[in-house]
Amino acid sequence: MSDVAAPVAALVEELSKLPGVGVKTAQRLTFFILRSPTDQARRLAEAIIRVKESIVYCSRCYNITETDPCSICSNPGRDQDSICVVEEPLDVLALEKTGVYKGLYHVLHGALSPLNGIGRKDIRIDELLKRLVDGSVHEVILATNPGFEGDYTAGVIKDDIKNKITVPHMKVTTLARGLPLGSDLEYADEGTLSRALEGRREM
Amino acid sequence: MREQRSYPTDAIILKHTDLGEADRVLTLLTPYKGKIRALAKGSRRPGSKKAGHLELLCYSQLQLAVGRTFDVVTQAQAKENFFHLRNDLWYMTCGFYLAELVDRFVEDRMQQMDVYTLLLDTLRTLDADAAELKKRRAEGAEPSPQDRDRTRLLMRYFEIYLLTYIGYEPVLRNCAHCGTELKPEENGFTPTLGGAVCPQCSQLWSQALSLNALKVMRLLQRTEWSHVPHLRLDLRLQAEIEAAMHSLIRYHLERDLKSWGFLEMLTVHTS
């Protein structure tokens, strides 16, 4: 890219580091920004700076937030006695969109994966256990991703709660497994199908 | 003859790493092509028809299209997904360990039929054991520390055979240094020499190896798993054999395995 102006080349290079953006797309975006009004470009730049500078992790649930504690943790209208454990902040968004769950969250920021070198210390399991010792929480919902690593993480957390937390009436639950809406039975794998059968219910 | 564009193969999924937005790179162990890497496009999307058949440690039948860097998975059908293994933390960790061992020891694109069969059989055994344990628990049996002894022994069995197939067979009959036949007495164990060392060469010992430990290791080395008797080994002996095998693995790989920490964590809890 030596035959274009240096600022353009620099922006193309930065943009192409984004997920799902290749060099061609980065070039298209760069020229779009180049042609757009100055204040629009400035708003984009400011939004990027803001997201890095004003977003912190909530000290209780480790979700991303502008205020600490976050809006969910500090909302007195939410059930304080249940915590839903998820892998990523995006999972909180997904669950919130359902509007069904009214309790608190805990974001682990990853799942255990021995093969990729992600151990206990790399995700926020101990922080979760700390929230459970005082006994105010009566249900922990493990909502990790339904794969081997997510199941494994859920297993480790359940084991930890059993061994380290001595709070009476603590319930550990996990999300139901089954068939996604609008899917075909014939393409479902045996694992999903057998769990769907296990979790069948009376109509 | 026209070059084949796509081919069917059985495979065990050893590892997956996320790529881009919704794709995954899988590390597969196949019977004829050995360890290969393949791209599973879109397998992280919720509607993916392949994802459930490409879980870790699944034994699946795949159709792969030859690609430039990676072959691409076009169809997947799970043959066995080791459902019971997936429902128990201890067996899951053992499964991780097997996958990590194989991934570390097997080179890319080298046919390793022995290792493939060994891994598949061991996973089947683990799954059957997990199923049996679940059944016993359902009937009201108390969980006991002995439940895991058999699996620990199975891990040692797997390690010995894996090393043998790869070409690092542990030396357990003769002294690994001077070659004299080992006598029924306390011997030593030296990973850098690849096995047991006699008392005459004791200046080369890295650790002592009790007669019982040597006997168990030899038994595992020459017996098929289905014929290995149900041994009652005390914890010290189990730990001794484990330490010897792990030091040998550490020497060959020049690194520790990540699953060791996870296995240890579970051991600490229950003891």
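**A walk through chain B**

Let's start at residues 7-82 of chain B, a stretch that is 0% helix and 59% strand, with its end C-alpha atoms 25 Å apart. Helices here are DSSP runs of H or I with at least four residues, and strands are E runs of at least two, numbered from the N terminus. For this same stretch of chain B, 7-82, UniProt lists "domain: DNA replication/recombination mediator RecO N-terminal" in an unreviewed entry; such annotations may be inferred rather than shown by experiment.

Keep in mind that this is a predicted model, where local features need pLDDT of at least 70 and side-chain atom pairs count only at pLDDT 80 or more, while totals for chains, interfaces and linings use all residues. Residues are numbered from 1 along each chain as its sequence is written, chains are lettered from A and ligands numbered from 1 in the order written, and side-chain values use heavy atoms, leaving out hydrogens and water.

Zooming out, chain B has six helices and eight strands, and along the sequence they run β-β-β-β-β-α-α-α-β-β-β-α-α-α. The radius of gyration of chain B is 21 Å, close to the 18 Å from the globule rule for 271 residues, so chain B is as compact as a globular protein of that length. (That radius is taken over C-alpha atoms, and the rule is 2.2 Å times the number of residues to the power 0.38.) The C-alpha trace spans about 60 × 55 × 30 Å along its principal axes.

As for packing, 53% of the 271 residues in chain B are buried, meaning under 20% relative accessible area with a 1.4 Å probe, protein chains only.

Notes: Buried means under 20% relative accessible area, exposed over 50%, partly exposed in between (1.4 Å probe, protein chains only).
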